[in-house]
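Colleague: I should like to learn how the domain arrangement of a model is read. May we work through an example together?

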Amino acid sequence: TGYFTYDPGFMATGSCDSSITFIDGAEGVLLHRGFPIGELAQNSDYLEVCYMLLHGDAPTSEQYKEFKETITNHTMVHEQINMFFHGFRNDSHPMAMLCGTVGALSSFYHSDLDVTDPSARIRSAHRLIAKMPTLIAMAYKYSVGQPFVYPKNDLSYAGNFLNMMFSVPTEDYVISEAVERAMDRIFILHADHEQNASTSTVRLAGSSGANPYACIAAGVASLWGPAHGGANEACLNMLEEIGTVDRIPEFIARAKDKSDPFRLMGFGHRVYKNIDPRAKVMRESCHEVLAELKLDDPLLDVAMELERIALSDPYFAEKKLFPNVDFYSGIVLKAIGIPTNMFTCIFALARTVGWISHWHEMMSQPGQKIGRPRQLYTGETQRPYTPIKKD
Ligand code: CMC
């Protein structure tokens, strides 16, 4: 009944108004609260970006200090979460563990579950930003059979995550400044990206009044797929499969062949029809990190040559397919020592602030309606039902 627009994939649907992030896909512009992503990646840090996404403006020094302290105070998870991890097979994909454990947070923080209370919403945002690195590092430790490492509150946000990932009881992890900075930059570059699939999922889940931990678990699930957050893992696997530069033309030909489902992972974007501004920063960061760590990764040569060949190929030019953020982030994550199957978790960690900021913004707007798309029905018309014999 009534008129609706048929728009599969929401190619032309604006679902909300938002003042968090601006993207001009044709020009390759990305702004958070008006600040260009390149400047943020260069001159700010992830917690400062978290503050501006959640609270609407860059913090003063005082506000930054207080925010940092608050996040630091919430980094631990309840000891019972340890037992939850032990219920998983140890060869589970870390994203599988993350979907479950993030959702489980809703069983601990009952005072956060009143989604109509703005202070409860902010409290749940703080908890999620603070606990995501802890849960992700626990998923990793569990999968490699090592003891969990507790958060250390004298470290930076990125430093604490790296320490929880790589410290072992017999040896402290020494965090190199270059690695810590590279990790923080990856977090900044993935912090928010307006109404992408996972953020839209969080908003849709939240539109029913569901609690924030359940909504973020929905976002984690949506992020997992290879067309979205799973692309960084898929991209590195692809570069490894290509292996050497002489095999690139074969893979380019496959990407162009419509009878072959293969796509160049890390290429193309629904919104950017120009270079992804995050990819520009990531590309520089990638070179910096490999130089500072004195690593000579042959995958970077494959990536550079693949980028060069693809960009000069009419197929990619006509379809406006450029490298996206995930084309280079995998190489940086690999250089940092993060295993490939953890890449999507890193994306989830960084995107949590975007998800929760959008959820908070939506819940703060008066007159919110439940998200309820319509469909084009293609099934049977009405027909009589004849009961079958059941014995
Ligand atoms: N390799 C080869 N061809 C491609 C690619 C690719 N990576 N991406 C798009 N195309 C082609 C596609 O086959 C289609 O061709 P035709 O018009 O002849 O049928 C055309 O380009 C348009 O593609 P689409 O799938 O209709 O575009 P979309 O906006 O629905 O999809 C995308 C966007 C990102 C899912 C897609 O480009 C893709 O699958 N890329 C690879 C996966 C990837 O890197 N994803 C990460 C996105 S950035 C991180 C994030 O935000 O999650």
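Colleague: How far apart do the C-alpha centres of domain 1 and domain 2 lie?

Modeller: Please note that this is a predicted model. The C-alpha centres of the two domains are 27 Å apart. The domain assignment places residues 36–228 and 344–364 in domain 1, and residues 231–336 in domain 2.

Colleague: How many residues of domain 1 are in contact with domain 2?

Modeller: Contact here requires C-beta atoms within 7 Å. By that criterion, 17 residues of domain 1 meet 18 residues of domain 2. On the domain 1 side, α1 (37–43), α8 (177–189) and α17 (343–364) each give two or more residues. The largest share, seven residues, belongs to α8. By class, this side of domain 1 has twelve nonpolar, four polar and one charged residues.

Colleague: Which residues have the most contacts inside the largest nonpolar core?

Modeller: They are Cys50, Leu98, Ile216, Val220, Val332 and Ile346, within a core of 109 residues. Both domain 1 and domain 2 supply at least three residues to this core. Take Val220 as a case: beyond its neighbours within four places in sequence, it is in contact with Met95, Leu98, Cys99, Val102 and Ala348.

Colleague: What does the radius of gyration of the protein chain indicate about its compactness?

Modeller: First, the chain contains 17 helices and three strands. Its radius of gyration is 22 Å, close to the 21 Å from the globule rule for 391 residues, so the chain is as compact as a globular protein of that length. Buried residues account for 42% of the 391 residues.

Technical notes:
Residues numbered from 1 in each chain as written. Predicted model: local features only at pLDDT ≥ 70, side-chain atom pairs only at ≥ 80, totals over all residues. Domains from an automatic or database assignment. Contact = placed C-beta atoms within 7 Å. Helix = DSSP H or I, 4+ residues; strand = E, 2+ residues; numbered from the N terminus. Nonpolar A, V, L, I, M, F, W, Y, C, P; charged D, E, K, R; others polar. Core = buried A, V, L, I, M, F, W, Y, C linked by C-beta atoms within 7 Å. Buried ≥ 20, exposed ≤ 12 C-beta atoms within 10 Å, placed from the backbone. Rg over C-alpha atoms; globule rule 2.2 N^0.38 Å.
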